[in-house]
Amino acid sequence: MPNMKFFVHAFRPRRPDFESTQESGMEWLAAAHSVAESTARAAQRTEGEPQNSLAPSAASELFEVDSFHAQMKKFLHRFGCSPDKIGKRGHMLEDFTHLEWSRMRIFNVSKTAAGADVGTRNAFFQEAALRVFDDLYESTPRHDAPADLIHVSCTGYVSPSAAQQLVVRMGWQEQTHVTHAYHMGCYAAVPALRMATGFLAAGASLGRGRSQSKGFAPRVDVVHTEMCTLHMNPLKHSPEQLVVQSLFADGFIRYGVGTEPPREPGGFEILSLREEMIPHSREAMTWDISPVGFAMTLSRDVPTLIASTLPGFLDRLFLQAPEGSSFDSDGKSKAVFAVHPGGPRIIEKVAELLGLEPWQTRFSTRVLLEQGNMSSATLPHIWHAIGNDADVASGTHVVSLAFGPGLTICGALLRKCG
């Protein structure tokens, strides 16, 4: 349907159950790492020494937990994300609010050094995701069923999913299709928009008005449930892992994609969507399932790799739009940029490369400061902040960029509605 227009609107974030300042979070990480290391070394002594042996061994050398704790604090403040870049982070686990290891649900590192196994973490994810879906749809009338519901996550997978269970509880099983957009990482909001627009276009071409009551236009709902903090491994002490563990947070948001301009303020018209992978970057960022959770690797070369491809990518993103102009000639200086904050350096590198002013990336900086990196839920939170800001005029272009394993660059060119 070449003449169809698509809009994204009705953003509804849901804050995690708990929140910690970055300073307290760094203290917690230092303590968790030191206790986990002590537990692991004690296990090595038990496994490595013969019974009744009085001879000392390398495994039984005295471990100075206080010294290790001080070292971890030093490393976290050197390599981790500082409190002036991330002020606080949300999380669904109560574990991060105290240091009583024996009553922790996932991170009882005084008993199991790496924390609970992936199955236990996944079970917690499902339990929390069910609550999140219930909260996000609490005020939705049962007759207002979306045509499709896309569940986006890279931090937990259970079937039937929380999205499927919501559809049944709402009585939408004959009207709403559920699609799972899983394991893409931080850039997944853009593929979710592409899926949503594709579903709407396909429904229109087939003459399918299958899910809407009178007075409601066809709509695709997208829900992100990201619980990144669930997958921290306190036995991973490398600088790379300290960056990851001090950067990511939990985040949840719901929004709609439709073919009619939004009735409420804060929405956007979707002008262009694009996705590309950077050659020779496969090892720069990975996201794999391990026995104790999902494990990320993150190279310090990521900002440089992104910078090498970004200018050409943006030209191609703008050429896809109905206006079909180039990036530089289409008012770059007036656009707002929604840059996924893979870390403070990502925002800074993009701004430096493109010659942006601080006000153009201020929403990315603010969301990172106030909520941390929430993986795929971050970009929609930035859109929500831009849409709610009266200083961003109707008609303003919003250049959205997100990055993830591949390395993959995703872009969305949006225009703010009145």
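Contact here means heavy atoms within 4.5 Å. The model shown in every view is predicted.

**View 1. His231 and its contacts in the loop between strand 6 and helix 6.**
With a cut-off of under 20% relative accessible area, His231 counts as buried, because its own value is 8%. Residues up to four places away in sequence are not counted in this view. Beyond them, His231 touches Arg121, Thr155, Trp287, Gly293 and Phe294.

**View 2. Ser246, in the loop between helix 6 (239-245) and strand 7.**
Is Ser246 buried or exposed? Ser246 is buried, since its relative accessibility is 0%. The residues it touches include Gln22, Met26 and Leu29. Gly80, Cys81, Ile86 and Arg89 are also touched by Ser246. Residues up to four places away in sequence are again left out of this list. Pro234 lies 12 residues from Ser246 in sequence. In space, the C-alpha atoms of Ser246 and Pro234 are 12 Å apart.

**View 3. The open sheet of nine strands.**
The strand order is 5-4-6-7-1-8-13-12-11, and the pairing is mixed. Strand 5 (177-182) and strand 11 (336-339) are the edge strands. Each has a single partner strand, so one side of each lacks a neighbour in the sheet. On average, neighbouring strands are turned by 25° against each other, direction ignored. Strands of a sheet pair through backbone hydrogen bonds, in either a parallel or an antiparallel sense.

**View 4. Strand 4 beside strand 6, with helix 3 packed on the sheet.**
Strand 4 (residues 148-153) pairs with strand 6 (residues 219-227) in the parallel sense. Five bridges make up this pairing. His151 stands opposite Val223 in strand 6. Helix 3 touches strand 1 (6-14), strand 4, strand 6 and strand 7. The direction of helix 3 makes about 140° with that of strand 6.

**View 5. Ile253 within strand 7 (residues 250-258).**
Ile253 has a relative accessible area of 0% and is therefore buried. Neighbours within four places in sequence are set aside for the contacts that follow. Ile253 is in contact with Phe11, Arg12 and Pro13. Val222, Val223 and His224 also contact Ile253. Further contacts of Ile253 are Leu136, Ala377, Pro380, His381 and His384. How many residues separate Ile253 from Leu136 in sequence? The separation between Ile253 and Leu136 is 117 residues, yet their C-alpha atoms are 7.9 Å apart in space.

**View 6. Strand 13 (residues 408-416) and its antiparallel partners, strand 8 and strand 12.**
Strand 13 is mostly covered, with eight of its nine residues buried. Strand 8 (residues 268-277) runs antiparallel to strand 13 and is joined to it by nine bridges. Within this pairing, Arg274 has Gly411 of strand 13 as its bridge partner. Strand 12 (residues 397-404) is also antiparallel to strand 13, with eight bridges between them. Here Val399 stands opposite Leu413 in strand 13. Strand 12 and strand 13 form a hairpin, and three residues lie between the two strands. Gly406, in the turn, has a positive phi of about 150°.

**View 7. The packing of helix 3 (residues 118-136) and helix 4 (residues 162-170).**
The axes of helix 3 and helix 4 are 9 Å apart, and the packing angle is about 45°. Helix 3 is therefore oblique to helix 4. The crossing of the two is right-handed. Helix 3 contributes Gln126, Ala129, Leu130, Phe133 and Asp134 to the contact. Helix 4 contributes Ala162, Ala163, Gln165, Leu166 and Arg169. By class, the contact of helix 3 with helix 4 has six nonpolar, two polar and two charged residues.

**View 8. The crossing of helix 9 (residues 362-371) and helix 10 (residues 378-388).**
The axes of helix 9 and helix 10 come within 9 Å and cross at roughly 115°. This crossing is right-handed. On helix 9, the contact is made by Phe363, Ser364, Arg366, Val367 and Gln371. On helix 10, it is made by Thr378, His381, Ile382, Ala385 and Ile386. Five residues of the contact of helix 9 with helix 10 are nonpolar, four are polar and one is charged.

Note on methods. Residues are numbered from 1 along each chain as its sequence is written. This is a predicted model: local features need pLDDT of at least 70, side-chain atom pairs count only at pLDDT 80 or more; totals for chains, interfaces and linings use all residues. Side-chain values use heavy atoms; hydrogens and water are left out. Axes are lines fitted to C-alpha atoms, for helices over the stretch in contact, and angles run from 0 to 180 degrees between N-to-C directions. Helices (H or I, at least four residues) and strands (E, at least two) are DSSP runs, numbered from the N terminus. Angles under 35 degrees count as roughly parallel, over 145 as roughly antiparallel, 65 to 115 as roughly perpendicular and the rest as oblique. A crossing is left-handed if the near helix is turned anticlockwise from the far one by less than a right angle, and right-handed if clockwise. Ala, Val, Leu, Ile, Met, Phe, Trp, Tyr, Cys and Pro count as nonpolar, Asp, Glu, Lys and Arg as charged, and the others, Gly among them, as polar. Buried means under 20% relative accessible area, exposed over 50%, partly exposed in between (1.4 Å probe, protein chains only). Two strands pair if DSSP finds at least two bridges between them.
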